[in-house]
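How do you read a protein model feature by feature? Let us take it in short steps.

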Amino acid sequence: MVKEKILVVDDVEDNRNLLRVMLVKHGYSILSAENGLEAVALAEKEQPDLILLDIMMPVQDGFEACMELKGKEITKDIPVIFLSAKDDVTDKLKGLELGAADYITKPFNKAEVIARTKTQLKLYGLTRTLAQANDELREKQDKIDEDLIAAAHIQHSLIPSEVPAIAHCGFAFRFVPSDLSGGDIFNILRLDEDFVVIYIADVCGHGVPAAMVTVAVAQSLQPHGRSIVKDTLDKPPYYRISSPLDVVEKLDQQYPLDRFGRFFTIAYILLNIRTGELRYCNAGHQLPVLQRQSGEIELLEAGGPIIGMGDMVPFEEGCVTMHPGDRLYLYTDGIVEHTNPDDDYFGEERLYGVIAGQRAASLDECCTELLEEVRLFADGCRADDDITLVALEYDPEK
Amino acid sequence: MAILTVHVDIDLEELIPGFLANRQKDIAALRAAVASGDMAEITRLGHSLKGVGGGYGFDFITEMGKKIEDSGKAGELATAEALTNSLDEMLATAEIVFDE
């Protein structure tokens with residue numbers, strides 16, 4: 001084991017010798033200096049583990065030396081024990097004020113010297129261990145933060161970056177991710193000439209685990225090759241579009257709760273853009289809002305429980321017909337569960353209110369207005385979940 | 001004068017000759033300071049002796065050092081001179097015993 005280094009500073013040779021003999025006997029390695037100036041230079045060079053510092057010395061006294069040591073980055077943390085006469089109370093106080101850890105009285109008592117030395121060395125050792133542990137913890141935290149940012153990027157890459165151009169449909173969406181990856185996802189997929197899929201899902205939880213399940217769900221719902229969204233067949237028409245009920249049931253089979261320890265909600269919409277027929281299945285998700293041209297609002301309620309329950313409650317499919325000018329709004333609970341300083345929730349009623357109020361405005365303007373209303377309501381409160389909003393306007397003339 | 005017996009830790013045996021030689025230097029310095037009436041120097045030397053004596057087992061050096069320091073602070077030159085003489089004699093007659 002490496003010997004701990006002690007720097008002994010005293011202008012009286014016999015004091016230096018005495019301390020040296022005492023301390024060497026206890027296994028310490030000793031450096032000596034005669035005055036403050038030498039002490040500071042030696043401390044910078046050798047980085048001792050402890051400094052025993054006399055006060056009255058020529059050239060530079062102990063107090064000045066201590067101030068210098070505490071002012072330099074590489075020596076400021078080295079513990080300093082002042083050597084002072086028994087009756088010099090003012091000296092002791094001044095020393096402590098300057099940042100000294102302790103004092104040893106003169107004339108030296110062997111037991112006192114050893115005891116105080118050992119204590120300060122132990123404290124210093126513990127402080128350094130603590131500092132190291134803190135550094136390691138900070139590194140780990142940085143790594144976690146990096147991973148969260150990476151998860152957020154992955155999540156964002158799954159979401160459409162721009163509004164798709166699909167005949168007969170106008171789309172608008174808003175996605176405001178929370179600081180922690182929130183597990184929201186949505187997509188708009190053109191399956192063929194007639195059919196468009198729109199889905200919005202919310203994986204419970206935050207961070208990397210939720211993000212990973214989000215990726216899995218997005219993968220399950222991609223429409224290429226053999227997928228649960230659109231299956232390939234050996235004979236014409238060579239593919240079969242799954243009904244919303246099929247899709248939700250398949251998801252429920254593929255994502256039992258004990259697979260990832262996570263459930264998710266999803267609203268899955270299949271729209272025939274030629275006829276306006278909209279089939280859907282809502283698995284535990286916020287009820288999609290269908291706003292007629294007249295302003296009347298209907299909620300799409302057919303569906304079942306959250307995904308992952310294992311077929312405890314059967315799913316049902318619903319069907320409505322969209323007429324020209326009708327609008328559909330899909331959203332996640334980040335909007336309705338947004339809090340304000342009074343701990344109130346934004347709630348569905350406010351949501352419906354904004355949608356109703358914006359009937360005459362464009363789809364995009366309504367989305368902007370809704371997020372603005374949420375922001376005003378929040379009154380400075382931070383969102384702790386992703387905010388996701390997807391809107392569709394059916395317009396066969398387009 | 002009574003013989004002063006000083007008990008010194010055996011670990012310090014090698015340091016004693018140097019220690020005693022330095023005390024002789026201190027005595028000489030004190031005499032010079034007294035001669036020139038340098039109270040500050042007398043105080044400083046007294047303070048130094050006060051701090052160094054006891055650690056080696058020479059309690060009388062610490063005691064005398066304190067008295068010399070006080071006389072220096074009080075400006076009592078005659079007292080300082082007397083104390084210096086006493087200290088000189090005590091050093092001359094002290095018997096050293098090394099303890100394990």
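What follows is a dialogue between a learner and a teacher about this predicted model.

Q: How many helices and strands does chain A have?
A: Start with the secondary structure. Chain A has 11 helices and 18 strands.

Q: How much of chain A counts as buried?
A: Burial is read from relative accessible area, and under 20% counts as buried. Chain A has 398 residues, and 50% of them count as buried.

Q: What is the accessible surface of chain A, and what share belongs to carbon and sulfur atoms?
A: The total is about 19,000 Å². Carbon and sulfur atoms account for 53% of that surface.

Q: Among contacts between residues at least 6 apart in sequence, what share joins residues at least 24 apart?
A: Here you compare position in the chain with contact in space. In chain A the share is 66%.

Q: Let us try one residue. Where does A:Thr388 lie, and is A:Thr388 buried or exposed?
A: Place the residue, then check its accessibility. A:Thr388 is in strand S18, which covers residues 387-394 of chain A. Its relative accessible area is 0%, so A:Thr388 is buried.

Q: What does A:Thr388 touch?
A: Leave out residues up to four places away in sequence. A:Thr388 then touches several residues, among them A:Arg174, A:Phe175, A:Ile200, A:Leu330 and A:Tyr331. A:Asp184 is on that list too. The side chains of A:Thr388 and A:Asp184 are joined by a polar contact of 2.7 Å.

Q: Now A:Thr105. Which strand holds A:Thr105, and is A:Thr105 buried or exposed?
A: Use the same routine. A:Thr105 sits in strand S5, residues 102-106 of chain A. A:Thr105 has a relative accessible area of 9%, which means that it is buried.

Q: Which residues is A:Thr105 in contact with?
A: Set aside neighbours within four places in sequence. The contacts are A:Ser84, A:Lys86, A:Lys92 and A:Glu112. With A:Glu112 there is a polar contact between the side chains, at 3.1 Å.

Q: Which residues form a nonpolar patch on the surface?
A: Look for nonpolar side chains that are accessible. A:Val89, A:Leu93 and A:Leu96 form such a patch. Together they have about 270 Å² of accessible area. A:Val89 belongs to helix H4, residues 89-97.

Q: How many disulfides are there over all chains?
A: The test is distance: two cysteine sulfur atoms must lie within 2.5 Å. By that rule the count is zero.

Q: Are A:Cys66 and A:Cys169 buried or exposed?
A: Check each one. A:Cys66 has a relative accessible area of 0%, so it is buried. A:Cys169 also counts as buried, at 1% relative accessibility.

How values were computed: Residues are numbered from 1 along each chain as its sequence is written. Chains are lettered from A and ligands numbered from 1 in the order in which they are written. This is a predicted model: local features need pLDDT of at least 70, side-chain atom pairs count only at pLDDT 80 or more; totals for chains, interfaces and linings use all residues. Side-chain values use heavy atoms; hydrogens and water are left out. Helices (H or I, at least four residues) and strands (E, at least two) are DSSP runs, numbered from the N terminus. Buried means under 20% relative accessible area, exposed over 50%, partly exposed in between (1.4 Å probe, protein chains only). A polar contact is a pair of N or O atoms within 3.5 Å; within protein, one must be able to donate a hydrogen and the other to accept it, and residues adjacent in sequence count only if both atoms are side-chain atoms. Contact means heavy atoms within 4.5 Å. Patches are made of residues with over 30% relative accessible area and no salt bridge: like charges are joined within 9 Å, nonpolar side chains (Val, Leu, Ile, Met, Phe, Trp, Tyr) within 5 Å. Accessible areas come from the Shrake-Rupley method with a 1.4 Å probe; for residues, only the protein chains shown count as cover. A salt bridge is a side-chain nitrogen of Lys or Arg within 4 Å of a carboxyl oxygen of Asp or Glu.
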